[in-house]
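User: I'm new to this one. Could you show it to me and explain how the labels are earned?

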Amino acid sequence: MKTETAILPSCAQKQQRARVLVIGGGGTGAALAYDLALRGLSVTLVEKGELTSGTTGRHHGQLHSGARYALGDRTIARECYEETLILRRIVPEAIEYNGGLFVALDEEEAELAPTFVEACRESGIPAREIEPRRACELEPAINPAIRRAVWVPDGSFDAFRVPLAFFAAARRLGAEIRPWVEVVGFERSNGRIVAAHLIDRLSQTAREERLEADFFVSATGAWAGKVGALAGVDVPITPAPGAMLAVRGRLTDRVLSRLRRASDGDILVPQRGLSIIGSTERLADNPDAVLPTEAEAEFLKRAGAELAPTFAKAEVHAVWAAARPLAGRASGEGRSISRDFAVIDHSSRDGLSGFATVIGGKATVLRAMAEKSADLVCRLLGVEASCDTARYALPSWRDFYSGGGA
Ligand SMILES: Cc1cc2nc3c(=O)[nH]c(=O)nc-3n(C[C@H](O)[C@H](O)[C@H](O)COP(=O)(O)OP(=O)(O)OC[C@H]3O[C@@H](n4cnc5c(N)ncnc54)[C@H](O)[C@@H]3O)c2cc1C
């Protein structure tokens with residue numbers, strides 16, 4: 001793995017001018033626009049709302065070391081850890097890499113500790129058990145009744161600033177980033193998508209537009225099924241909303257997690273001056289207008305107080321929800337669907353050229369999702385260019401709105 005970070009050049013070094021339209025302005029689209037622009041392609045990104053207004057701008061903010069996934073899927077866990085190390089190098093100003101503690105609150109959780117540490121070790125994650133007393137010294141807000149504690153290299157990151165740094169980098173390399181522009185249809189010719197139909201909601205008349213490109217990538221998260229349908233392909237996606245609750249005050253500096261298999265209300269994340277407990281999980285047909293229920297809010301308050309008793313008395317700052325874009329279809333519970341991501345080549349799967357979809361994953365692995373997607377786009381376009389996004393420090397997220405990314 002590369003360990004040094006170079007300065008991003010102000011324009012792409014190689015000039016391969018194939019045109020790509022990236023649909024979706026969440027973290028995945030941001031990282032993909034940057035990756036493709038860095039490989040020298042001509043990139044336009046459209047987002048139907050404000051940038052990061054989908055799931056990205058509303059997630060929990062945990063920079064996953066992968067420990068949460070180690071018991072269930074070592075490959076995902078390993079990838080998370082590797083990506084945290086890369087993000088820490090390329091976008092340090094948006095990350096708090098303070099570590100995390102998995103704590104056991106009952107006998108069943110305590111018994112899981114050795115298996116959990118071993119699963120982390122097998123995934124390449126440096127986890128280690130520490131004395132409960134030591135855990136309470138490190139984080140005085142922890143429930144003093146904890147029976148065991150395991151330190152892991154978790155962190156937290158800013159849901160907006162990380163993608164904005166990718167957007168700033170993409171724009172610095174010439175990518176056109178267009179919020180408030182929605183794809184409402186596609187044009188096909190000889191089994192290939194050749195143009196997208198757009199509505200520009202920033203224009204006074206909500207102007208319609210036709211945009212030609214050599215390739216189209218849907219990075220539309222929980223909306224990928226809808227966008228796939230516009231192109232006439234079936235995209236297996238399950239929108240799985242989850243709620244989070246933030247209280248005022250930073251109760252801990254480390255991420256606190258329950259030492260058990262992934263379930264509801266088991267992670268408390270410090271985010272600047274807030275502490276956020278999450279999440280829940282249910283299934284939905286429609287990712288729009290996802291709202292938390294009162295039952296979810298009550299459950300989360302109790303769950304937060306189990307990890308850190310002072311949570312119960314803290315003032316509630318906000319309760320909100322967002323829809324996970326799970327790659328696959330649920331046969332029962334959403335948690336039975338893998339947290340992995342998928343890049344779908346619609347030419348080999350559906351006989352439709354010039355179109356791919358990237359779904360699933362999580363915000364922590366946005367760069368890796370973009371890398372796999374851009375590899376596919378370049379291969380299908382016959383462009384020879386490898387991924388360099390782990391190499392360069394990203395510009396500041398501030399550059400995006402101050403114009404420095406332009
Ligand atoms: C409750 C919850 C907690 C989470 N916590 C974490 C966490 O702590 N750490 C972590 O790493 N991950 C977390 N995740 C996962 C993470 O939030 C998502 O995996 C990630 O944000 C998805 O990003 P995305 O860019 O793929 O999708 P999105 O951010 O949803 O972006 C897709 C975009 O496409 C746009 N779009 C849709 N249709 C069109 C169209 N027709 N034209 C133009 N644009 C369109 C949408 O408006 C949207 O902005 C959490 C998710 C949830 C739900």
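Analyst: Sure. R39 is a good place to start: its relative accessible area is 2%, so R39 is buried, a label that means under 20% relative accessible area, with exposed being over 50% and partly exposed in between (1.4 Å probe, protein chains only). A word on the source: this is a predicted model, where local features need pLDDT of at least 70, side-chain atom pairs count only at pLDDT 80 or more, and totals for chains, interfaces and linings use all residues. Residues are numbered from 1 along each chain as its sequence is written, and side-chain values use heavy atoms, with hydrogens and water left out.

User: What makes R39 and D35 a salt bridge?

Analyst: The term asks for a side-chain nitrogen of Lys or Arg within 4 Å of a carboxyl oxygen of Asp or Glu. For R39 and D35 the N to O value is 2.6 Å, so the pair qualifies. D35 is buried too, because its relative accessibility is 1%.

User: How many salt bridges does the structure hold?

Analyst: It holds 38. Some join up: E109, R258, R260 and E306 are linked in a network of them.

User: Why is E107 called partly exposed?

Analyst: E107 comes out at 45% relative accessibility, so it falls between the two cut-offs. R147, its salt-bridge partner at 2.3 Å (N to O), is partly exposed as well, at 43%.

User: And what about R282 and E296, are they buried or partly exposed?

Analyst: One of each: R282 is partly exposed at 29%, while E296 counts as buried at 9%. Their side chains meet in a salt bridge of 2.9 Å, N to O. R282 lies in the loop between β18 (274-278) and α9 (294-307) and E296 in helix α9, so the bridge ties together parts 14 residues apart in sequence. Helices (H or I, at least four residues) and strands (E, at least two) are DSSP runs, numbered from the N terminus.

User: What angle do helix α3 and helix α11 pack at?

Analyst: About 100°, with the axes of α3 (residues 74-90) and α11 (residues 366-381) 8 Å apart. Axes are lines fitted to C-alpha atoms, for helices over the stretch in contact, and angles run from 0 to 180 degrees between N-to-C directions. Since 65 to 115 degrees counts as roughly perpendicular (under 35 is roughly parallel, over 145 roughly antiparallel, the rest oblique), α3 is therefore roughly perpendicular to α11.
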